[in-house]
Each structure stands twice: as structure tokens, then as C-alpha cells.
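Dear colleague,

I am passing on the structure below, together with notes on what a geometric analysis found in it. Please read the notes beside the model.

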Amino acid sequence: MKTDFFNLPMPATGPNTAPSPKGPGPFRAQLTRGPAALALAIFATVVLLALFAPLLGTVDPVAIDPSRRLAPISAEHWLGTDVFGRDTYSRVLYGARVSLIIGLGTMVASIALGLAIGVVAGYFRVVDAIVMRVMDGVMAIPGILLAIALVSLTGSTLLTVLVAITVPEVPRVVRLVRGVILGVRSEPYVEAAIALGSRAPRLLLRHMVPATVAPLIVQGTYIFASAILTEATLSFLGAGLPSETPSWGNITADGRAYFLLFPGLILYPGIILALTLLSVNVLGDMLRDMLDPRSGKR
């Protein structure tokens, strides 16, 4: 007996078989729940405080008033003053500007340089060995020591500190980009493009470099946080920005001798520094899990 498959009854449709309306994308869903939402709120608050510091009741962060040295919290000085009579509240807010500039500048510069060098090293095998040996030599030196040496040679300005923090980060980006390019070279679509006669610039820009975008986005968040911490460490050690410049490292360095009497001189910048780094790292972990689903299964 033959079965007429064309006349079989259709399966019953229930409420679960109807197409559901499209909900929020995965990125938006991640940002609106759990630790990522809190981290985004904290980081956005720090950015807003830095941008609108002049409108938030601050005064000149470098103005010295010896008559108000180590003044307690008051209506005039919301977080007290430091050993030179400078307003701690104003210095903490303006210090956020310095940290965000250092973090963003280091992230952009290191990714731009690392991407260019890593693409060359990964595609042109002739220069691969030379470039990577140079990068290995730079990575062999501890980043904080290399930054101190560069600042000592060139002077402590915002630009020199930015360069000193960027140099140790470049080799890490180069190794990341080089690994991605080497992996993409063996993909069928790249081999097909080579067989069709695609030239190197077109092959790199259209088929290879886009594969590095996701890893670089994640790496950029870690570079951002690392640069902020390195700048604070350099300033705390006296090898970073000039002491009169309002930065979180300088504020803690000025207050360490008076920690037992006035712990707020270290706690206030320390807390906002810790919250900023924690929020950036949480957002970086979220991006990593979204852009590399395999990482969440390990």
C-alpha cells in the first residue's frame, strides 16, 4: 500500500510554533542586565563627571591656599583639602579627565601601531622573524620599568607619559593581530581570492583585517584599563605627570604621608580608580563572551 505523502495532514500548530517578535539584540540584552549594566552605569558616571567637572561645583584644582591645609570636609570643600590647601574634590574630578585621556590615547595608539605591524608580520613572512624578535625583546622588559625609563629620558609631560605607556602595549597587539592573520591565511575564501589574483592591499583590507576587529575591540578594553592603572602607578612613584597636575596617582602620592590622620586623601581617588578599572574589565569580559562564544564554554 502506497502512502500519499502529499495528502498527509499538516501538524497542528500551537502557540509555540508561531514566529515570535524580534526582541532586543544580544548586545543590548547583555548591557541591560547583571553586572554589565552596573559596570556601564559606573563608567558612564565617571565619564560624565570628567566632562562636566567645571559645572559640578569645582574650583581651580591647582590653586594653593596654605591657610586651609588639610582642612576637613565642609560646605566649601566637599572632600576637604590636601597638604597644599588644594581642593580634593576638584582634583579628583579633574584627575578623571587625565586618566580617561591616557586610557583612550593609549588604546587608540597601541591598536593602530599594533595592527599595522601585526598585519605586515603575519602576511609578509620575510619580515616576520625580524619583527617578532624585536617585539619579544620589548616584551621581555617589564612594562612599568620601560615606562619609567622612557619618562626619565624624555621628561614628564602628558605626551611623554602617553608614549611611555603605549610602547609596552604595542607588542601584545602585534602578537594578537599576527596570530589572527596567520589563521585567516589558510581559510578557503582567502585562498580563493589569492587564486583569482587579488593584490596584497585588497586582500588584506577586504578579507584579512576585518577578522581582527572583534579581538581588537576586546583587547582595547584591557589596554584602556591597564593604561589608567599604569599612569596612576607612575604618578604615585613620582615618575609620571608633574605633582601639580591633578591625577589620581598624584593625589594618593601627596596624601600617603598623612594617611593615618586624613585617610580620605587616598581613599577618595583610590575608590574611584578601583570602580573605573572594575567597570572597564567587566565590560571587556562581556564583549569577549559575545564576540567569542567559545570562551563562555571553557
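The largest share of the lining of the largest cavity, three residues, comes from α10, and α3 (88-123) and α10 each supply at least two residues of that lining. Helices, here and below, are DSSP runs of H or I with at least four residues, strands are runs of E with at least two, and both are numbered from the N terminus. The full lining consists of Asp82, Arg86, Thr88, Arg91, Ile251, Asp254, Gly255 and Leu265; by class, these are two nonpolar, two polar and four charged residues, where Ala, Val, Leu, Ile, Met, Phe, Trp, Tyr, Cys and Pro count as nonpolar, Asp, Glu, Lys and Arg as charged, and the others, Gly among them, as polar. The cavity holds about 60 Å³ of space, and the structure has one cavity of 30 Å³ or more. A cavity is a set of points, on a 1 Å grid over the protein atoms alone, where a 1.4 Å probe fits but cannot get out, and lining residues have an atom within 4 Å of a point; grid points are joined across faces, edges and corners, and the volume is the space filled by probe spheres set on the points.

Please bear in mind that this is a predicted model, in which local features need pLDDT of at least 70 and side-chain atom pairs count only at pLDDT 80 or more, while totals for chains, interfaces and linings use all residues. Residues are numbered from 1 along each chain as its sequence is written, and side-chain values use heavy atoms, with hydrogens and water left out.

As for the chain as a whole, there are 11 helices and zero strands, and 38% of the 298 residues count as buried, that is, under 20% relative accessible area, with exposed meaning over 50% and partly exposed in between (1.4 Å probe, protein chains only).

The search of the whole structure finds 12 salt bridges, each defined as a side-chain nitrogen of Lys or Arg within 4 Å of a carboxyl oxygen of Asp or Glu. Asp82, Arg86, Arg91 and Asp254 are linked in a network of such bridges, and these four residues also appear in the cavity lining. Elsewhere, Asp128 and Arg178 form a salt bridge whose closest N and O atoms are 2.7 Å apart; Asp128 lies in helix α4 (residues 125-139) and Arg178 in helix α6 (residues 158-185), so the pair ties together parts that are 50 residues apart in sequence. Asp128 is buried at 7% relative accessibility, whereas Arg178, at 22%, is partly exposed. Arg175 and Asp136 also meet in a salt bridge, at 2.9 Å from N to O, and this pair again links helix α6 with helix α4, across 39 residues. Both of its members count as partly exposed, Arg175 at 42% and Asp136 at 28%.

On the surface, Phe259, Leu260, Leu267, Ile271 and Leu275 make a nonpolar patch of about 500 Å². Such patches are made of residues with over 30% relative accessible area and no salt bridge, like charges being joined within 9 Å and nonpolar side chains (Val, Leu, Ile, Met, Phe, Trp, Tyr) within 5 Å; the areas come from the Shrake-Rupley method with a 1.4 Å probe, and for residues only the protein chains shown count as cover. Phe259 is found in the loop between α10 (248-255) and α11 (264-291), and is partly exposed at 35% relative accessibility.

With best regards

Technical notes: 1 Å grid on protein atoms, 1.4 Å probe; cavity = no way out; pocket = protein on both sides within 12 Å on 5 of 7 lines; lining within 4 Å.
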